[in-house]
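Thanks, everyone. Please bring up the sequence and the model, and keep both in view while I talk.

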Amino acid sequence: EIEGRDVTGAPPADRNVAMVFQDFALFPHMTVAANIGFGLRARKVPRAELRRAVETAARLVRLEDRLRDRPEQLSGGERQRVALARALVREPAAFLMDEPLSNLDAEARSRMRLEIKALQRGAGAATLYVTHDQVEALTMGDRVAVLRDGLLEQVDTPLNVYDKPATGFVARFIGAPPMNLFPADLLGPAGRGTVRGVRPERIRLVDEERARIVGRVSAIESTGPETIAHVDVGDQRLLVRTPRALEPRVDSDVGLAFAEGDVHEFEDVDGPAVR
């Protein structure tokens with residue numbers, strides 16, 4: 001349903017949606033202005049109205065000075081903004097975006113995430129945004145739907161998807177680094193589930209006598225202000241996110257502590273959470 005109307009059987013042209021593609025899908029022989037206004041020209045919108053609409057959309061994406069250029073003269077981020085303007089100019093009921101940032105470098109992706117979110121807020125149209133990048137999903141979405149093999153694992157706010165994963169799969173998929181999942185009996189007698197999990201940032205490095213688990217540091221990953229410590233507990237490896245000032249030494253024994261409320265329990269590694 002779009003705006004309360006069932007469009008399942010409606011031809012695509014009658015659904016009032018605009019598509020933003022992964023590969024920009026711009027016409028190389030057309031100017032920026034012609035690319036933005038292509039859909040309106042196909043609908044035979046009067047010339048003066050078309051020009052106003054194209055100029056308005058170009059201003060929204062900050063391309064008003066590039067309207068006479070062709071795609072080959074633009075950067076990747078600018079080409080993506082042309083594709084966004086082409087969708088915006090239609091004033092649709094809904095936007096469909098298919099991994100629109102995957103062809104951009106890291107800096108451009110970060111910048112475009114903010115721009116797309118601002119444009120969506122301004123347009124006020126529902127947006128369905130498909131991505132494999134969990135950072136995009138968590139930072140851009142009002143609600144996040146996690147799918148696996150075509151089935152919905154969880155639909156919720158970004159914070160709830162992160163803090164209250166509905167399944168072990170969601171717990172492993174969302175988070176960088178992901179939630180530690182391990183056999184339930186690693187923490188003593190198991191509950192109803194066979195797997196327990198703790199987020200890396202919820203684990204603290206402590207003295208062995210105050211530890212819930214003791215392990216040995218096998219590797220260290222520095223991310224600048226933080227460190228990811230790989231700690232082996234028997235044949236189970238746990239990841240611990242810790243401030244750089246508390247970085248442990250490789251091959252040292254460390255204690256791990258965490259609150260009971262930070263422990264999640266699942267029926268199995270991909271199964272539903274045990275509430």
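Start with Glu-78. Is Glu-78 buried or exposed? Glu-78 has a relative accessibility of 16%. The cut-off for buried is under 20%, so Glu-78 counts as buried. Please keep in mind that this is a predicted model. Glu-78 sits in helix H4. What does Glu-78 touch, if we skip residues up to four places away in sequence? Leu-63 and Arg-66.

Stay with H4, and bring in H5. Two packed helices are described by two things: the angle between their axes and the distance between those axes. Here the axes of H4 and H5 come within 12 Å. They cross at roughly 15 degrees. Angles under 35 degrees count as roughly parallel, so H4 is roughly parallel to H5. The crossing of H4 past H5 is right-handed.

Which residues meet there? From H4, take Gly-77, Gln-80, Arg-81, Leu-84 and Leu-88. From H5, take Met-112, Glu-115, Ile-116, Leu-119 and Ala-123. By type, the residues of this contact divide into 6 nonpolar, 2 polar and 2 charged.

Now the core. The largest nonpolar core has 33 residues. Which of them touch the most other members? Ile-36, Val-61, Val-82, Leu-84, Phe-95, Met-97 and Ile-116. Several elements each supply at least two residues of this core. The helices are H1 (32-36), H3 (47-60), H4 (76-88) and H5 (106-123). The strands are E1 (17-20) and E2 (94-98). The largest share comes from H4, with 6 residues. Apart from this core lies another one, of 15 residues. Among them are Ile-213, Ala-229, Val-233 and Leu-238.

Back to Val-61. Leave aside its neighbours within four places in sequence. Val-61 is then in contact with Arg-81, Leu-84, Ala-85, Leu-88 and Leu-119.

Next, Val-89. Find Val-89 in the loop between H4 and E2. Its relative accessibility is 9%, so Val-89 counts as buried. What does Val-89 touch, not counting residues up to four places away in sequence? Ile-36, Leu-40, Ala-53, Val-54 and Ala-57. Look at the last of these, Ala-57. Val-89 and Ala-57 are 32 residues apart along the chain. Their C-alpha atoms are separated by 5.6 Å.

Let's use Ala-57 again, with another partner. Gly-9 and Ala-57 are 48 residues apart in sequence. In space they are 30 Å apart, C-alpha to C-alpha. Gly-9 belongs to the segment before E1. Its relative accessibility is 76%, so Gly-9 counts as exposed.

That segment before E1 also holds Glu-3. Glu-3 is not a glycine, yet it has a positive phi of about 55 degrees. With a relative accessible area of 70%, Glu-3 is exposed.

Glu-99 is another residue with a positive phi, about 45 degrees, although it is not a glycine. Where is Glu-99? In the loop between E2 and H5. Buried or exposed? At 17% relative accessibility, Glu-99 counts as buried.

On to two prolines. Pro-177 lies in the loop between helix H8 (168-173) and strand E6 (180-183). A cis peptide bond joins Ala-176 to Pro-177, with omega about 0 degrees.

The other is Pro-158, in helix H7, residues 158-163. Pro-158 has 14% relative accessibility and so counts as buried. Set aside its neighbours within four places in sequence. Pro-158 is then in contact with Ala-137, Leu-138, Gly-141, Asp-142, Arg-143 and Val-144. Take Asp-142 from that list. Pro-158 and Asp-142 are 16 residues apart along the chain, and their C-alpha atoms are separated by 6.9 Å.

One last stop: Ala-245. Ala-245 is in the loop between strand E11 (236-243) and strand E12 (253-257). Its relative accessible area is 76%, so Ala-245 is exposed. How many residues separate Ala-245 and Pro-28 in sequence? They are 217 residues apart in sequence, and 52 Å apart in space, C-alpha to C-alpha.

That's the tour. Thank you.

Terms used. Residues numbered from 1 in each chain as written. Predicted model: local features only at pLDDT ≥ 70, side-chain atom pairs only at ≥ 80, totals over all residues. Heavy atoms only, no water. Core = buried A, V, L, I, M, F, W, Y, C linked by side-chain atoms within 4.5 Å. Buried < 20%, exposed > 50% of the residue type's maximum accessible area, 1.4 Å probe, protein only. Helix = DSSP H or I, 4+ residues; strand = E, 2+ residues; numbered from the N terminus. Contact = heavy atoms within 4.5 Å. Axes fitted to C-alpha atoms, helices over the stretch in contact; angles between N-to-C directions. Parallel < 35°, antiparallel > 145°, perpendicular 65-115°, else oblique. Left-handed = near helix turned anticlockwise from the far one by under 90°. Nonpolar A, V, L, I, M, F, W, Y, C, P; charged D, E, K, R; others polar.
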